[in-house]
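Visitor: Please take me closely through one part of this protein, the strands and their surroundings, and set that part in the context of the whole.

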Amino acid sequence: MENFEQRQHGERAILVSVCVQLLDDLDAEEFRLLAQSAGAEILEHVSVQRQKPDPKFFIGSGKVEEIAELVRALDAELVIFDHSLSPAQERNLEKVLKCRVIDRTGLILDIFALRARTHEGKLQVELAQLKHLSTRLIRGFTGNLEQQKGGIGLRGPGESQLETDRRLIRVRITQLKDKLIKVQQTRLQGRAARQKAAIPTISLVGYTNAGKSTLFNILAKSDVYAADQLFATLDPTLRRLEWDGIGTVVLADTVGFVRNLQHDLVESFKATLEETLEATLLLHVVDSSSPNMPEQIEAVESVLKEIGADAPILHVYNKIDLSGDTAKITYKAPELPDRVYLSAHSGQGLDLLSQAVQQCLMGQLQQFDLVLKPAYGKLRTQLYTLNVIQSEHYDDEGDLHLSVCIAPHKLEQLIKQAHLPLDEIVGAKSFLFHRVLEEFESKQE
C-alpha cells in the first residue's frame with residue numbers, strides 16, 4: 001500500500017458533505033471555503049444523505065465505491081469529510097479509496113498550522129495536532145506487521161515502531177503543555193497589572209470571517225492581518241488605546257469560531273481564549289450579510305458557554321454596507337445597549353459603537369455643565385483626551401465653562417483623581433450631592 005501520509009499543500013481534493021438527521025446540518029459553502037483556505041484544489045463536491053452514520057465508513061459502502069471511482073477518474077490525492085471520523089473509519093476509507101482521507105478536525109488543524117504566526121499560536125497548533133495524531137498512528141504505514149497493534153504471536157517491528165512513536169508523542173505533548181503554562185503565566189502577569197491599574201479589557205469575539213480583525217485595526221489603528229477568508233487571524237492580539245469617553249482600554253482580537261468545533265480544539269486554544277474569559281466587555285462581531293447568521297451566532301455562543309465566558313456582551317452587526325441595514329443602536333433594556341449596526345469597511349456607525357461601549361462600561365451618558373478655575377487645567381486636559389467636551393467658553397473672571405457628555409461614574413473618578421474641591425465645580429457638585437443622597441437612602445432601606 002502506498003504511504004499517503006506525506007503530501008504538500010495544493011492537493012487535488014474531493015469534498016464529501018454528509019447530512020445526517022441525527023446530527024446538525026452542515027454549511028456546504030463554509031466547507032468549501034475551509035478546503036480552499038487549506039489550499040485544496042477542489043475537483044468534486046459529493047453530498048450524501050443518511051439516517052445515521054455507518055460504523056465502518058460513516059457513509060454507505062455503495063457511496064464509498066462511487067467516491068473511489070471518482071478518485072481514480074479525477075486522479076484525486078485527498079478526500080475530505082465535513083464530519084468528525086473515527087480513526088477506524090479513516091483507515092477503512094483509505095483502504096478502499098486508495099488515497100488519504102481527513103475529517104473536519106484535521107482540515108481545521110491544517111488551516112491553523114498555516115496561519116499560526118506567534119510562538120504561542122504555533123505551540124497550541126502543534127499540541128492540538130499531536131493529540132489528533134496520537135489516535136491515528138497506524139494510518140499510512142506499509143507492511144502487514146506495521147499495521148498491527150500487537151498481541152501474542154503478533155509482536156514485532158510494527159509494534160516496536162508504533163510504541164516508540166506513541167511514547168515520543170506523549171513526551172512532546174508534555175513538553176508543549178509545560179511551555180504553554182509558562183506563556184500563560186506571562187499573560188497572567190500582564191493581566192494582573194492591567195487589573196491593578198483598573199484598565200478595562202474589551203475582547204472581540206465572533207464567527208470566523210465576520211470582520212473582527214478589520215474592526216480591530218480601525219479601533220486600535222493597528223495592522224493586524226485581515227482578509228476575506230476563514231481563520232485569517234489565529235493568534236490573539238492585544239493593543240492599548242484611548243477610547244473616547246472611557247480612557248485607556250486594552251482591546252483584544254481572538255481566533256474566530258466555526259460550527260462543530262471539536263472539544264479538543266477548544267481545549268487546545270483555551271490559552272488564546274483566556275482574554276475572552278477575563279474581559280470586562282465582549283464585542284460579539286456578527287456578519288449581518290451572511291445567510292447563515294443565526295447559526296453562526298449560536299455557534300459562537302456555544303463556544304463561549306463551553307469556556308465559561310460570562311462577561312457582558314454587546315452584539316456588533318458588521319457589514320451593513322452589504323446587508324442593507326442602517327447604522328443604529330438597539331436596546332434590550334432602558335439605557336442598556338444590545339446591538340450596534342455598523343460597517344468596519346466603510347466606517348458607518350463607528351461613532352455609535354463608541355457610544356454603546358461607553359454606556360455598557362460606564363453607564364448612561366449625561367450632560368454636565370462644569371465651571372473650572374484656571375488652575376484646574378489638568379481636568380480639562382483629561383476631558384479633552386476622552387473627547388467628551390462639546391463646547392467651552394471663558395467668562396469675564398477667567399473661569400472656564402465646559403459642556404461635557406460623559407458617564408457620571410467616569411466624571412466622579414476624574415474629579416477624585418485630580419483632588420479638586422467639589423464645591424467649586426458647579427455641575428459636578430450638584431451631581432455628586434444627588435449621588436451621595438441616593439446611596440444614603442438605599443442603605444437606609
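Guide: In this predicted model, 4 strands form an open sheet with parallel pairing, and their order across the sheet is β2-β1-β3-β4. The edges are taken by β2 (41-50) and β4 (100-102), each of which has a single partner strand, so one side of each is left without a neighbour in the sheet. Averaged over the sheet and with direction ignored, neighbouring strands are turned by 20° against each other. Within the sheet, strand β1 (residues 12-20) runs parallel to strand β3 (residues 78-81), to which 4 bridges join it; in that pairing, Ala13 has Leu78 of β3 as its bridge partner. Helix α1 (residues 28-37) lies across β1, β2 and β3 and runs at about 145° to β2. Helix α2 (residues 61-74) also packs on the sheet, where it touches β1, β2 and β3, and its direction makes about 170° with that of β2.

Elsewhere in the chain, strand β5 (residues 201-206) deserves a careful look. All of its residues, 6 of the 6, are buried, so the strand is largely enclosed by the rest of the structure. In a regular strand the side chains alternate between the two faces of the sheet. Both faces of β5 are covered, since Thr201, Ser203 and Val205 on one side are buried, as are Ile202, Leu204 and Gly206 on the other. Strand β5 pairs with strand β7 (residues 247-253) in the parallel sense over 4 bridges, and here Ile202 stands opposite Leu251 of β7. With strand β8 (residues 281-287), β5 again pairs in the parallel sense, over 5 bridges, and the bridge partner of Val205 in β8 is His284.

The residue opposite Ile202, Leu251, leads from the strand pairing into the nonpolar interior. The largest nonpolar core has 26 residues, and Leu251 is listed with Trp243, Leu283, Leu353 and Val357 as those with the most contacts inside it. At least two residues of this core come from each of β5, α7 (212-220), β6 (237-243), β7, β8, β9 (313-318) and α12 (350-362), and the largest share, 5 residues, is supplied by α12. Leaving aside residues up to four places away in sequence, Leu251 touches Ile202 and Leu204 of β5, together with others including Phe216, Leu219, Ala220, Leu238, Leu241 and Trp243; Thr237 and Arg239 are also among its contacts. A second, separate core of 21 residues includes Val16, Val48, Val79 and Cys99.

Cys99 also bears on the matter of cysteines. Its relative accessibility is 2%, below the 20% cut-off, and Cys99 therefore counts as buried, whereas Cys19, at 22% relative accessibility, counts as partly exposed. The structure holds 0 disulfides.

Turning to the whole, the protein has 15 helices and 14 strands, and 48% of its 445 residues count as buried. Among contacts between residues at least 6 apart in sequence, 68% join residues at least 24 apart. The protein exposes about 21,900 Å², of which carbon and sulfur atoms supply 49%.

Technical notes: Residues numbered from 1 in each chain as written. Predicted model: local features only at pLDDT ≥ 70, side-chain atom pairs only at ≥ 80, totals over all residues. Heavy atoms only, no water. Buried < 20%, exposed > 50% of the residue type's maximum accessible area, 1.4 Å probe, protein only. Pairing = 2+ DSSP bridges. Core = buried A, V, L, I, M, F, W, Y, C linked by side-chain atoms within 4.5 Å. Contact = heavy atoms within 4.5 Å. Disulfide = S-S within 2.5 Å. Axes fitted to C-alpha atoms, helices over the stretch in contact; angles between N-to-C directions. Areas by Shrake-Rupley, 256 points an atom, 1.4 Å probe, with all protein chains shown as cover.
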